[in-house]
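Please examine the protein shown below. The report that follows describes its fold step by step.

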Amino acid sequence: LVNPEVGREREFASIGPAPRAKRVIVIGGGPAGLEAARAAAARGHHVRLFERAAELGGQLRLALLPPQKEKIEWLRLCLITQAQKAGVELFTSTPFQPEALAQGEADAAVIATGARPREEKVAGARADQVVAAWDVLDGRPSARDLAVLVLGGRQMGCETAEFLAGRGNRVTLVSRSPAADLAGDVVASYRAPLLARLRKLGVALHTRCDVRELRDGKATIVDAHGREEAVVGA
């Protein structure tokens, strides 16, 4: 997760100084962009990195916000520091202008702009009722003392549910997958405590279910057998 050389030391041992220094532009200041910039600069290239946000780190800035994840900040700061030590020029709050490539300002460009969350459509929902987990973790909106439904039972959904429940919200988590797959994309040593914390916080877990609609302040969910249930004010 943190060191790409682990398990491939022989492969990376052959990577040395570049035969010719090039002008390299890295577009995106998340973990991939920062590591690519550091590696290129370490080989002797002249590297500039452009990030449109005010802070570097990309999704790491969100990953460190759920409970028990604060130490991810160590990784974010390490990536930034190592890029700086390697000589990378870092530009924040600076969207890259592609015209620079056409004008010959670089010999190579690395695209590391990351991903965006997929938008979910929920029947009957107002535009302001459906919010991406990224926005919730980033404090938009600052949800407190609300009845909240979280759709999705993988790591992001479970951590967002814990984040919300810890702020006094009444949280229902709905997952289309079976219970055995809740937070199934994380290691077992982290998964078990995470699920235990959700139960302790009173998060209602509904697996093999989907959200049918939002109506009159209630969310209607349907299970794998077609049975409907009205849950959580919405």
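The report covers the overall build, two sheets, one pocket and two single residues.

**Overall build**

The structure is a predicted model. The protein contains 8 helices and 10 strands. Its C-alpha trace spans about 65 × 40 × 30 Å along the principal axes. Of the 234 residues, 33% count as buried. Among the contacts with a separation of 6 or more, 58% come from residues 24 or more positions apart.

**The sheet of four strands**

One open sheet is built from 4 strands in the order β3-β2-β1-β4, with parallel pairing. Strands β3 (89-91) and β4 (108-111) each have a single partner strand and stand at the edges, so one side of each is left without a neighbour in the sheet. On average, and with direction ignored, neighbouring strands of this sheet are turned by 15 degrees against each other. Between β2 (residues 46-50) and β3, the parallel pairing extends over 3 bridges. Arg48, for instance, has Glu89 in β3 as its bridge partner. Helix α2 (residues 31-42) lies across β1 (23-27), β2, β3 and β4, and it runs at about 165 degrees to β2.

**The sheet of three strands**

Another open sheet consists of 3 strands in the order β5-β6-β7, and here too the pairing is parallel. Its edges are β5 (147-151) and β7 (204-206); each has a single partner strand, so one side of each is left without a neighbour in the sheet. From one strand to the next, the twist averages 20 degrees. Strand β6 (residues 170-174) runs parallel to β5 and is joined to β5 by 5 bridges. The bridge partner of Val148 in β6 is Val171. Helix α7 (residues 155-165) packs on this sheet, where it touches β5 and β6, and its direction makes about 170 degrees with that of β6.

The table sets out the strand pairs described above.

| Strand pair | Pairing | Bridges | A bridge partner pair |
|---|---|---|---|
| β2 and β3 | parallel | 3 bridges | Arg48 and Glu89 |
| β5 and β6 | parallel | 5 bridges | Val148 and Val171 |

**The second largest pocket**

The volume of the second largest pocket is about 910 Å³. Its lining is made up of 32 residues, and Glu51, Arg52, Thr113, Ala115 and Trp134 lie nearest the centre. Helices α2, α3 (60-63) and α6 (133-137) are the elements that give two or more residues to this lining. By residue class, the lining of the second largest pocket divides into 15 nonpolar, 9 polar and 8 charged residues.

**Two single residues**

Is Glu159 buried or exposed? This residue is placed in helix α7. Its relative accessibility is 5%, and because buried means under 20%, Glu159 counts as buried. Apart from residues up to four places away in sequence, Glu159 touches Pro66, Lys69, Tyr190 and Leu194.

Arg227 is located in the loop between β9 (218-223) and β10 (228-233). The relative accessibility of Arg227 is 53%; since the limit for exposed is over 50%, this residue counts as exposed. When neighbours within four places in sequence are left aside, Arg227 is in contact with Ile221 and Val222. Arg227 and Cys209 are 18 residues apart along the chain, and their C-alpha atoms are separated by 9.4 Å.

Conventions. Residues numbered from 1 in each chain as written. Predicted model: local features only at pLDDT ≥ 70, side-chain atom pairs only at ≥ 80, totals over all residues. Heavy atoms only, no water. Pairing = 2+ DSSP bridges. Axes fitted to C-alpha atoms, helices over the stretch in contact; angles between N-to-C directions. Contact = heavy atoms within 4.5 Å. 1 Å grid on protein atoms, 1.4 Å probe; cavity = no way out; pocket = protein on both sides within 12 Å on 5 of 7 lines; lining within 4 Å. Points joined across faces, edges and corners; volume = space filled by probe spheres on them. Nonpolar A, V, L, I, M, F, W, Y, C, P; charged D, E, K, R; others polar. Buried < 20%, exposed > 50% of the residue type's maximum accessible area, 1.4 Å probe, protein only.
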